[in-house]
Amino acid sequence: MADTMDIRDRIKERLDALGLSATQASKLATQDKGKSGNPNLIGDLLRNPSQSPRWATIEKIAQVLETSPEWLAKGGA
């Protein structure tokens, strides 16, 4: 069966699995050297289906969501 989920669905799945809000995960993904991160990164992505995040952003989000950037971007096994 083909993977019909897109990146937004996979982000939501991992947020739920980890018990994180989009805001919490966004802050963790974008914090830099102890400075607070952008709390809107993931929420903006979830609300705007036409937005395509850069690979570096996908890598940061994937790290926080404890998954691979490849799975997050494209799904699959």
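**Exercise 1. The inward side of α2**

Which residues of helix α2 (residues 22-30) are buried? Identify them, and then work out how they are arranged around the helix axis and what they pack against.

*Solution.* The model is a predicted one, in which local features need pLDDT of at least 70 and side-chain atom pairs count only at pLDDT 80 or more, while totals for chains, interfaces and linings use all residues. Residues are numbered from 1 along each chain as its sequence is written, and side-chain values use heavy atoms, with hydrogens and water left out.

Step 1. Helices are DSSP runs (H or I, at least four residues) numbered from the N terminus, and a residue is buried when its relative accessible area is under 20%, exposed when over 50%, and partly exposed in between, with a 1.4 Å probe and protein chains only. In α2, Ala22, Ala25, Ser26 and Ala29 are buried.

Step 2. These residues cover an arc of only 105 degrees around the axis, which puts them on the same side of α2; the arc is taken from the directions that run from the helix axis to the C-beta atoms. An α-helix has 3.6 residues a turn, so residues three or four places apart point the same way.

Step 3. Contact means heavy atoms within 4.5 Å, and the buried residues of α2 pack against α1 (7-18), α3 (41-47) and α4 (55-64). Leaving aside neighbours within four places in sequence, Ala25 is in contact with Leu15, Leu20, Ile42, Val64 and Leu65.

**Exercise 2. The packing of α2 on α4**

Describe the geometry of this helix pair, and name the residues that make the contact.

*Solution.* Step 1. The two helices, α2 and α4, pack at an angle of about 120 degrees with their axes 9 Å apart, where axes are lines fitted to C-alpha atoms over the stretch in contact and angles run from 0 to 180 degrees between N-to-C directions.

Step 2. Angles under 35 degrees count as roughly parallel, over 145 as roughly antiparallel, 65 to 115 as roughly perpendicular and the rest as oblique; α2 and α4 are therefore oblique to each other.

Step 3. Ala25, Leu28 and Ala29 of α2 meet Lys60, Ile61 and Val64 of α4 in this contact.

Step 4. On the α4 side, Ile58, Ile61, Ala62 and Val64 are buried. Seen down the axis of α4, its buried residues fall within an arc of 160 degrees, so they line one face of the helix. They pack against α1, α2, α3 and α5.

**Exercise 3. The nonpolar core**

Find which members of the largest nonpolar core touch the most other members, and state which helices supply the core.

*Solution.* Step 1. A nonpolar core is a set of buried Ala, Val, Leu, Ile, Met, Phe, Trp, Tyr and Cys residues joined through side-chain atoms within 4.5 Å. Of the 16 residues in the largest one, Ile11, Leu15, Ala25, Ile42, Ile61, Leu65 and Leu72 touch the most other members.

Step 2. At least two residues of this core come from each of α1, α2, α3, α4 and α5 (69-74), and α4 gives the largest share, four residues.

**Exercise 4. Trp55 and Glu66**

Are Trp55 and Glu66 buried, partly exposed or exposed? Describe the setting of each residue.

*Solution.* Step 1. Trp55 lies in helix α4 and, at 40% relative accessibility, counts as partly exposed. Not counting residues up to four places away in sequence, Trp55 touches Pro69, Glu70 and Ala73.

Step 2. Glu66 is found in the loop between α4 and α5 and, at 59% relative accessibility, counts as exposed. Although Glu66 is not a glycine, its phi is positive, at about 55 degrees.
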